[in-house]
Amino acid sequence: MTEPSTRAERRKAELRQEIIDTAFVCFAEKGYHATGIADIATQLGIGHGTFYRYFSNKRDIIDHVIDDLAARIIDALGTDNAPDAATTLDHYRAQIDRIGVALTRILIEDRRVAQLLLFHATGIDDELTQRLYGLLDTADTLTAGYLEHGVELGYLRADLDTLNTARAVTGMLLAGVVHGLRDPDEEAIAALNRAIRRLLVDGVRTD
């Protein structure tokens, strides 16, 4: 994406992002259906007309909110955590630790992210529900890439069913997020994360 070149363009980009950020807060805290354009505009101190210069309606902005959250998760992984970045089991273990910390920060420390993705967005309409299923498929594919790379390099088991193991990993992560929402105790979350990371290493490593 090209960076805004003038002060006016930068301000427009900033305001657009502020609208997305504020909509995220409103949707996560009040729910999509209970949130009106007026709630978002009032929170920002802008008029309805200003909102509609950037987004056509409430359904339009939820797509951008989901885009923004997905980009935050992808950005958190970084190049050091790419599926083909690890070359040894120790590298893979460190990679899993970094990813666990990043995902915990995004999905649990700010509880509103998980609340929006898991509980609010799926009840809006079929199109958005299918889109969220697509995010799950992307997570499965990405995780399978880590596992396949480890199998190729020989530090993960050669007989590993990478696709279904990846799906199991996604399920563990989702369950971890739900447990974190229900019981936000930091020590309990850390213990659960350690257990998941141990399974992701000791459960699939070569002997």
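In this predicted model, the lining of the second largest pocket is a mixed one by residue class, with five nonpolar, four polar and four charged members. The pocket itself holds about 250 Å³ of space. Of its 13 lining residues, those closest to the centre are Thr 104, Ile 108, Glu 109, Glu 186 and Ile 189. Two helices, α5 and α9, each contribute at least two residues to this lining.

The largest pocket has a volume of about 1,100 Å³. Its lining is made up of 38 residues, and Ile 73, Leu 103, Leu 107, Ala 139 and Leu 173 are the ones that lie nearest its centre. Two or more lining residues come from each of α4 (58-77), α5 (89-109), α6 (111-120), α7 (126-153), α8 (162-182) and α9 (186-202). Helix α7 gives the most, with ten residues. By class, the lining of the largest pocket divides into 29 nonpolar residues, eight polar residues and one charged residue. For a reader setting the two pockets side by side, the corresponding counts for the second largest pocket are five nonpolar, four polar and four charged.

Stepping back to the whole fold, the protein chain contains nine helices and zero strands. Read from start to end of the sequence, the pattern is therefore easily written as α-α-α-α-α-α-α-α-α. Taken along the principal axes, the C-alpha atoms fill a box of roughly 65 × 40 × 30 Å. Of the 207 residues in the protein chain, 38% are buried.

Two annotated spans help to place the N-terminal features that follow. An unreviewed UniProt entry lists residues 13-73 as "domain: HTH tetR-type". In the model, that span is 80% helix and 0% strand, and its end C-alpha atoms are 21 Å apart. The unreviewed entry in UniProt also lists residues 36-55, under the heading "DNA-binding region". Here the helix content is 75% and the strand content 0%, with 13 Å between the end C-alpha atoms.

Helix α2 (residues 37-44) includes Ile 37, and Ala 41 lies in α2 as well. Ile 37 counts as buried because its relative accessibility is 12%, against a cut-off of under 20%. Ala 41 is likewise buried, at 1% relative accessibility. Each of these positions can be related to a residue earlier in the sequence. Ile 37 and Cys 26 are eleven residues apart in sequence, and their C-alpha atoms are 9.9 Å apart in space. For Ala 41 and Thr 22, the separation is 19 residues along the sequence and 8.7 Å from C-alpha to C-alpha.

Aromatic contacts add further detail, with four aromatic pairs found in the structure. One of them joins Phe 27 and Tyr 32, whose ring centres are 5.3 Å apart and whose planes meet at 45 degrees, giving a tilted arrangement. Both Phe 27 and Tyr 32 are buried. Tyr 32 has a charged neighbour too: Lys 58 lies over the face of this ring, at 4.4 Å from the ring centre.

Another pair is formed by Phe 51 and Tyr 52, with ring centres 5.4 Å apart. The planes of Phe 51 and Tyr 52 stand at 85 degrees, so the pair is edge-to-face, the cut-off for that class being over 60 degrees. The two partners differ in burial: Phe 51 is buried, with a relative accessible area of 0%, whereas Tyr 52 counts as partly exposed at 43% relative accessibility. Together with Phe 55, Phe 51 and Tyr 52 form one aromatic cluster.

At the other end of the chain, Val 204 is found in the segment after α9. Val 204 counts as buried because its relative accessibility is 7%. Val 204 and Ala 71 are 133 residues apart in sequence, and the distance between their C-alpha atoms is 29 Å.

Notes:
Residues are numbered from 1 along each chain as its sequence is written. This is a predicted model: local features need pLDDT of at least 70, side-chain atom pairs count only at pLDDT 80 or more; totals for chains, interfaces and linings use all residues. Side-chain values use heavy atoms; hydrogens and water are left out. On a 1 Å grid over the protein atoms alone, a cavity is a set of points where a 1.4 Å probe fits but cannot get out, and a pocket is an open set with protein on both sides within 12 Å along at least five of seven lines; lining residues have an atom within 4 Å of a point. Grid points are joined across faces, edges and corners, and a volume is the space filled by probe spheres set on the points. Helices (H or I, at least four residues) and strands (E, at least two) are DSSP runs, numbered from the N terminus. Ala, Val, Leu, Ile, Met, Phe, Trp, Tyr, Cys and Pro count as nonpolar, Asp, Glu, Lys and Arg as charged, and the others, Gly among them, as polar. Rings of Phe, Tyr and Trp (its six-membered ring) pair if their centres lie within 6.5 Å; planes under 30 degrees apart count as stacked, over 60 as edge-to-face and the rest as tilted. Buried means under 20% relative accessible area, exposed over 50%, partly exposed in between (1.4 Å probe, protein chains only). A charge sits over a ring if NZ of Lys or CZ of Arg is within 6 Å of the ring centre and within 35 degrees of the ring normal. UniProt positions are given in the numbering used here, feature names are shortened, and annotations may be inferred rather than shown by experiment.
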